[in-house]
Every structure is written in C-alpha cells, then in structure tokens.
Amino acid sequence: MMSAAQTQSVRTGHVTRMFIYLFLLLSALFYLLPFFIMLTNSVKPLGEITGGNMMSLPEVFTLEPWKAAWSSAQVGVEPTGLRPYFWNSIRMVVPAVFISTILGALNGYVLTKWRFRFDTILFGLMLFSCFIPFQIVLIPMARILGILGLAGSTYGLILVHVVYGIGFSTLYFRNYYAAFPTELVRAAQIDGARFFQIFRRIMLPSSGPIIVVCVIWQFTNIWNDFLFGASFASGSGAPMTVALNNLVQSSTGVKEYNVHFAGAILAALPTLLVYIVAGRYFVRGLMAGSVKG
Amino acid sequence: MGFLDIRNVTKSYGRVEVLHRVDISVEEGEFLVLVGPSGCGKSTLLNMIAGLEDISSGDIAINGRVVNGVHPSNRNIAMVFQSYALYPNMTVGQNITFGLEMHGVPRPEREKAMKEVAELLQIGQLLDRKPGQLSGGQRQRVAMGRALVRNPDVFLFDEPLSNLDAKLRVNMRTEIKKLHEKLKTTIVYVTHDQIEAMTLSTRIAVMYQGHVQQLGAPKEIYDTPANLFVATFMGSPAMNIIPAQVVMQDDRPHARVTTRDGSHAMLPFSQANLAAWDGRDILLGIRPEAITDPDGADRKSDNIVALGNHIGLTEPAGSDTFVTMTLGGRDTIARMRADVSVSPGDRFEFAVNMDKAIAFDPGTEDRIGP
Ligand SMILES: Nc1ncnc2c1ncn2[C@@H]1O[C@H](COP(=O)(O)OP(=O)(O)O)[C@@H](O)[C@H]1O
Ligand SMILES: [Mg+2]
C-alpha cells in the first residue's frame, strides 16, 4: 500500500514541498496554540494570569490548580473538585459504549446474515435515528426516564446514550458485516454453531477494526455530551462536562482561571487518550471496508 | 428409494419459481454432479439438500429420513464451498475440529480425528497456521478436511475448484476422484464446468433454467443428449447442429445437407425410426470428433460416410487440429489428427461417422428417439 500511495501521488519540487510543510506547520501551530495556552496557564499561580500576560510561560511552576480542579474546587455548592463527576462520567461512558457497541454488532449481524421480512425498512428506521436532532427527544425522553424511575441517575443517562448510540453502531457494523462472506456463516451452521455461537466465535473475532471505530466514536460522543447530561442528571449525578460548566460558573468572587484551565484539560483528557491509543486503528478501521486485505 | 432422495422439490423466492419439480434419486456411494450454466439453480438445490435454504414444496430424504426442516448440522452432511469459507480467526486445526466441538465431541477424540484427516490430505504441517497464510490449493485441502472429519453421509461440493488456477484445478480434480474411490461416500457436486462433470461423476444432472434437463451416466448424457441444450452444453468444442432434411433413399432415412457450394450431400442415418420423419426438417447433431479425415475415421463404425466440402479455417491445437467447414449454412467443426495435411480453401473428403449422429426436432428441440 505504501508504494502504491507513493507512485500515485504527484511529484513535487523542493520549493513547493517547503511551502507545503510550512503551511502544515502553521496549521498545526494554529490548532495547538489554544491547548498550549491552556496547559501553560494551568500551571501558573492565579496572580500571573490576572496580573500579567496569558501568553507568557509560567514564572513559578505549580500543580496546585490541578489539585484544586481535581479534588477541592467549588463545583456548584460543594467543594468537591471534579473528581466525583469524573467517575460519574466513567460509570456512564463505559457501560453505554459497551452496550451500544454490542447491540450494534448484533444488529449488524442480524441485518446482514439473517433474512427476515422488513429488514431493510428496519435498518432504514435505525439509520433515521442517527439524524434526529437531540433537542427533539429531550421531552419524550424525560418522560420515559420518569416512568422508568431513572430520572436524574447515571442509569438513565446510560439508557439515553445507548438508545442514541445504537443507530450509529448498527450502521457501522451493518456495513462492515455486509462485506463479511456469508459462506462463513453457512459453514458454521453446517458445523453446528447456533445463532450466538456464530456471532461470538466467527463474527466478533473478525470485527476488531470496526469495534475500534465504534468504541472511539461512541466514547467521544458520550463523554463530550453536555445536553443530555445537563437535562437528565444535574446535581451530584452530573457527568464531567456538566460539572466543568458548574465549576466555571460557580466561582464566587475571583475567577480562578488556572483552575478552570486545569479542569478543562482534565475533562478532555480521556478522549485525547483514546485517540492517541486507538487512533491508528480508527483510520485503519474506517478504511477496512474499501481496501481488500 | 435411494440414499439421497429429492422428490418433486421446487423452490420459489417470493413469486418467482427458480427450481421446478426436481426429482433425483441418488444411490449410496454415487458421485452426482449438478452441472449447468450460471443461475440455473444448482447452488439453490445444493443448499436445500444442506438445509441452508427452505424447501418450498416437495421432500428431501437422506438415508431414509425426510430432512425438511431439520437443521443443517443434524442432517449428517458436510459441505465444501467455492470460497472455502475457512474461519479466518482460527487455525487450520481449529477450523477442522470446529464442527466436532460444536457437536460436543471430547477433545482427545477431536484431536485424533484431526490427525487422521490431516494425514489423509497431507496437511499435517499446516495445522497451526491461519487460513490467511495458506495458498489456494492448501485452503482447498483444509476445506475438504473440515468436511471429511465429520464422516458425513453425504458430501456437498459447490464449485470447489473454480477459484483455483487451471493446472491446480486439474490436480485437485484427480484428488477428489481418488478420494471418492477410496472413501465411497455419496457426493453431490455442483459445477458449471462440463469437463469436471464428465470426469468426476457417476451420474450427471444437467440443469437449465431451473429444470433438470437430463439425468444420466456421463456417457449417456454425451452420446444421447435429451435435447439441444444438453447436446451443446456438454462437450467442447460443442456438438455441431446442422439444419437438414430427412429423405428416404434405398429404404433408408438420410439427412440431406447443403455444402458450401450449394450442392446437397446425403448422409445415411443408422437409426431406422427416422423414416417417420421422411420429408421433414430436422436438426442434425454431430460431435466434432465424429467428423475426421478418412484415415482418422473410427474403424469400428460401419457407417462412415464420405462428404466432400471446402475447408474453411484450420486451427492446430497441439494434440488435434480443428477444421471448420460450412454445412447447412452453419460453421461446422471437425476434429482431426494433429498431423493431417489440410489447407484453407481446399476441397476435402471428410469422413463422417453417422453412427454417432443424432437428430433433433427443430420445434421442441428434443432429440428424436429412440
Ligand atoms: N435469495 C434469492 N432471492 C431471489 N432470487 C434468488 C436468490 N438466490 C438465488 N436466486 C435466483 O435463483 C436462481 C438460481 O440461483 P443459483 O442456485 O445461485 O444458481 P447457480 O448456482 O446455478 O449459478 C438465479 O436466477 C438467482 O437469481
Ligand atoms: Mg452457484
């Protein structure tokens, strides 16, 4: 694949290439600059920010803002820091991602390998769910959560995110499994494997790339969600994003910008981490359908 | 009642009937080949035997038991697919024993069965590899190993050789035949390749447009095809089909055909019953190998007829030379010895073995009996 890419790309002269690199470098800097400012300011004492230059490097290096953001800053009315909300988010994201991915995989499996009436219509409806704006479901969802007794809890949020995630995860897995040879399923049937055995022993082990794609997609979406979090889980059950907002809003008197910066980075850290760890597989997984291995 | 009975089986997808009343009875140990052009319903029929497709009407019985509605794994069949369908995430060994594992066979027995099969197919050194690391021929062997290990009543093959290159295909064909002679298991084998059908089978079912056109031994199919489709589908180059008229001469039915210069030639039939067709148009069927040079003619035949005609093209093919001429307005191919001396445009005395000639009703396209 490497060589094919090289032979296909247009040959460029040295000067042109210099400009290209310069442009890329500037673009990278442009995107990195806000992060850089957040990072430098999160390790400054507050005085350096309010009294001086946001752009300058810290004169005194301190991790106090990070400690405060994590464990002692005022979030809402409680001086708890972001820590409990971080764990709220984890408790919400992990099951929601897991369940929606598994259900998406099952849906994709059923939709591509088992023929039944109205399967295309069903898939169409699921696809449709990807395009429904969040705002539209807020009120019906609140009602349902109320009926189920899940309002304001992490379980309620898990349910919301699973329901919302299934459309996308089904789409991913359906398209991936559509290219998966049906003869393998038939061979497994003849070998005596039943519905779930085929899924677990034949389909899932070959689904690595698409699982990564799905997990990254769901993880970032669910972790970064603010609307559902704010609507269905305020107070001590709130997820990280909502807590960050509360942290920034609630500081009475002085605005502790350094603590806010540290908190914002903390809130972004898990998604960053997921991209760094699994990003390569993400690109590979997205390409998996188009390039024959 | 046979070992594998297909009784009046039809298959419909929605309103479209793709298989019409198929009736085939296979004896134990037979090698039945389903042959026909793409889309004629071979795979559909095979999948119904396997239980991978529902039967719309009719019955399929294996070893005396009607298996309609029985799960594929409980029919005691094994199948080899065109794409081999090896599980990519499992090693060769796991691929072979997966079926046994699913049937709850204990590990020591599975290992033993796997060793035997690996020995039989000479794939012992591959057992720890993944299918992705195998060549096409090796994958083919593993796929057969997976089928063999279950010791099934019936083997089903769906175009197992069509993904192999020409040379390997011939080798594997021989191996499958040897395997059948050794194991004597009943086999149903699907292919679109008429040579595979002829070489492998004990019986052939020629299929076209969802109908079984003819069911019979290879020689029967080849020598007395039931209709024009079977006649032209089986054999390469295809049987020559020449418009002709039946004319009685010396109390014997003859085929009157037109040569290239517009004159008529009279070819006496060996079949007396064609007298009933006196004066009517027929289609004369002669295989290329029944038209030769006089020296190359079949000495056992007592009905070799000389036919003078102009030579069209000559195509030396190594072992044979194919010579074309125009007969009844159609290009007609003769198969001659490689060293025959012929040149295009010359007039030549062809020797036609009329013992092998058959006639078709141009209306129904069926062969005119007996
Ligand atoms: N799932 C299906 N739905 C509708 N028609 C089908 C389906 N599967 C096969 N067919 C039709 O049935 C006919 C026979 O198909 P098949 O058995 O695969 O042919 P072959 O194996 O002889 O090439 C074809 O005309 C095909 O279009
Ligand atoms: Mg087929």
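Visitor: Which polar contact joins the side chains of Ser57(B) and Thr10(B), and how many Å does it span?

Guide: Welcome! Keep in mind that this is a predicted model. In it, the side chains of Ser57(B) and Thr10(B) are joined by a polar contact of 2.6 Å. Ser57(B) belongs to strand E4 of chain B, which covers residues 57-62.

Visitor: Which residues is Ser57(B) in contact with, leaving aside its neighbours within four places in sequence?

Guide: Asn8(B), Val9(B) and Thr10(B) are the contacts of Ser57(B) once those neighbours are set aside. You can also look at Ser12(B): 45 residues separate it from Ser57(B) along the chain, while their C-alpha atoms are 8.9 Å apart.

Visitor: How should I class the accessibility of Ser57(B)?

Guide: Ser57(B) counts as partly exposed, because its relative accessibility is 33% and that class lies between the cut-offs of 20% and 50%.

Visitor: Let me turn to helices. What describes two packed helices?

Guide: Two values do the job: the angle between the axes and the distance between them. Take H3(B), residues 107-121, and H4(B), residues 136-148: they pack at about 135 degrees, and their axes are 10 Å apart. H3(B) is therefore oblique to H4(B). Their crossing is right-handed.

Visitor: Which residues meet where H3(B) and H4(B) pack?

Guide: From H3(B) come Val117(B), Leu120(B) and Leu121(B), and they meet Arg141(B), Met144(B), Gly145(B) and Leu148(B) of H4(B). Sorted by class, this contact holds 5 nonpolar, 1 polar and 1 charged residues. There is a general idea to help you read such lists: an α-helix has 3.6 residues a turn, so residues three or four places apart point the same way.

Visitor: What are the angle and the axis distance for H6(A) and H8(A)?

Guide: H6(A), residues 119-130, packs with H8(A), residues 154-178, at an angle of about 125 degrees, and the axes lie 8 Å apart. That angle makes H6(A) oblique to H8(A). Here the crossing is left-handed. On the H6(A) side you will find Phe123(A), Met126(A), Leu127(A), Ser129(A) and Cys130(A), and the H8(A) residues they meet include Tyr164(A), Phe168(A) and Arg174(A). The classes in this contact are 8 nonpolar, 3 polar and 1 charged residues.

Visitor: How many helices and strands does chain A have?

Guide: Chain A comes to 14 helices and 0 strands. Its C-alpha trace spans about 75 × 65 × 30 Å along the principal axes. Chain A has 293 residues, and 40% of them count as buried. To see how distant parts of the sequence come together, take the contacts between residues at least 6 apart: 70% of those in chain A join residues at least 24 apart.

Visitor: Why is helix H9 of chain A described as largely enclosed by the rest of the structure?

Guide: The general way to judge this is to count buried residues, those under 20% relative accessible area. H9(A) spans residues 182-191, and 8 of its 10 residues are buried, so the helix is largely enclosed by the rest of the structure. Among the buried residues are Leu184(A), Arg186(A), Ile190(A) and Asp191(A).

Visitor: Which elements do the buried residues of H9(A) pack against?

Guide: In chain A they pack against H5 (83-113) and H10 (195-203). In chain B the partners are helix H1 (42-50), strand E6 (77-80), helix H2 (92-102) and H4. Just after H9(A), look for Gly192(A), with a positive phi of about 100 degrees.

Visitor: What sign of phi do most residues other than glycine have?

Guide: Most of them have a negative phi, and most peptide bonds are trans. Against that background, Lys184(B) has a positive phi near 60 degrees. Lys184(B) sits in the loop between helix H5 (166-183) and strand E8 (186-191) of chain B, and it is exposed, with a relative accessible area of 54%. Gln209(B) also has a positive phi, near 50 degrees. The loop that holds Gln209(B) runs between strands E9 (203-208) and E10 (211-216) of chain B, and at 53% relative accessibility Gln209(B) counts as exposed.

Visitor: Where is there a cis peptide bond?

Guide: Look between Ser236(B) and Pro237(B), where the bond is cis and omega is about -5 degrees. Pro237(B) lies in the loop between helix H8 (228-233) and strand E11 (240-249) of chain B.

Definitions and conventions: Residues numbered from 1 in each chain as written. Chains lettered and ligands numbered in written order. Predicted model: local features only at pLDDT ≥ 70, side-chain atom pairs only at ≥ 80, totals over all residues. Heavy atoms only, no water. Helix = DSSP H or I, 4+ residues; strand = E, 2+ residues; numbered from the N terminus. Buried < 20%, exposed > 50% of the residue type's maximum accessible area, 1.4 Å probe, protein only. Contact = heavy atoms within 4.5 Å. Polar contact = N/O pair within 3.5 Å; in protein donor to acceptor, adjacent residues only side chain to side chain. Axes fitted to C-alpha atoms, helices over the stretch in contact; angles between N-to-C directions. Parallel < 35°, antiparallel > 145°, perpendicular 65-115°, else oblique. Left-handed = near helix turned anticlockwise from the far one by under 90°. Nonpolar A, V, L, I, M, F, W, Y, C, P; charged D, E, K, R; others polar.
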